[in-house]
Amino acid sequence: MRQRPSRARCPQERKLRGASGLPEYDRGACPDHLLTRRQLRDTLLSPGGNRGPAAILRCKRCRYTPQWACTHPGRAWLYDRHLAVPKRVPTLAQEWALDRAMAARQTCPSCLRRYTFCLPLRTLGTCLECHDGTPADPTTYTAAPATHSLAA
């Protein structure tokens with residue numbers, strides 16, 4: 001009789017819950033003052049320098065094994081809202097540098113139009129309209145700067 005191949009086990013070791021030193025909470029059961037990075041970002045806060053996470057938010061699969069620690073990639077780190085600091089506001093020079101960098105990715109070198117999205121410059125080298133004639137929506141770009149030919 002032929003045996004079935006065995007399932008490959010997860011290479012991670014099992015640890016008892018709380019072995020990492022951080023409290024673990026299941027989804028929907030964590031206190032209101034603990035937030036994920038995305039929730040902190042939505043409230044214009046950051047975790048605050050080199051402060052580590054305050055707790056672990058367990059993944060959905062681990063709710064069936066409450067005695068084991070969650071080691072899956074689906075877990076999330078929770079940060080304390082009271083220790084969070086406001087996000088840094090970029091200076092005008094930083095915003096100007098970011099705008100120049102985005103302009104280099106959004107401007108077609110042939111027609112000099114600046115689009116509202118990044119162009120495939122590495123593969124095509126130009127916008128689609130210059131590459132194969134596909135018409136571009138006029139609401140997705142700004143016109144090229146006017147060139148003046150002044151008389152001497």
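**A four-strand sheet and its cysteines**

Let me begin with one pair of residues: Leu35 has Tyr79 as its bridge partner in strand S5, and in that strand Leu34 is partnered by Asp80. Before going on, I should say that this is a predicted model, in which local features need pLDDT of at least 70 and side-chain atom pairs count only at pLDDT 80 or more, while totals for chains, interfaces and linings use all residues. Residues are numbered from 1 along each chain as its sequence is written, and side-chain values use heavy atoms, with hydrogens and water left out.

Strands here are DSSP runs of E with at least two residues, numbered from the N terminus, and two of them pair if DSSP finds at least two bridges between them. S2 and S5, the latter covering residues 76-80, run antiparallel and are joined by two bridges. S5 is also joined to strand S4, residues 55-57, by three bridges, again in an antiparallel arrangement, with Leu57 standing opposite Ala76.

How are the four strands ordered in the open sheet? The order is S1-S4-S5-S2, and the pairing is mixed. Because S1 (24-25) and S2 (34-35) stand at the edges with a single partner strand each, one side of each has no neighbour in the sheet.

Turning to the cysteines, the structure holds zero disulfides, a disulfide being a pair of cysteine sulfur atoms within 2.5 Å. For Cys111, the closest cysteine sulfur is that of Cys108, which at 3.6 Å is too far for a bond. Cys111 is partly exposed, with a relative accessible area of 22%, and Cys118 is partly exposed at 32%, where the term lies between buried, under 20%, and exposed, over 50%, using a 1.4 Å probe and protein chains only.
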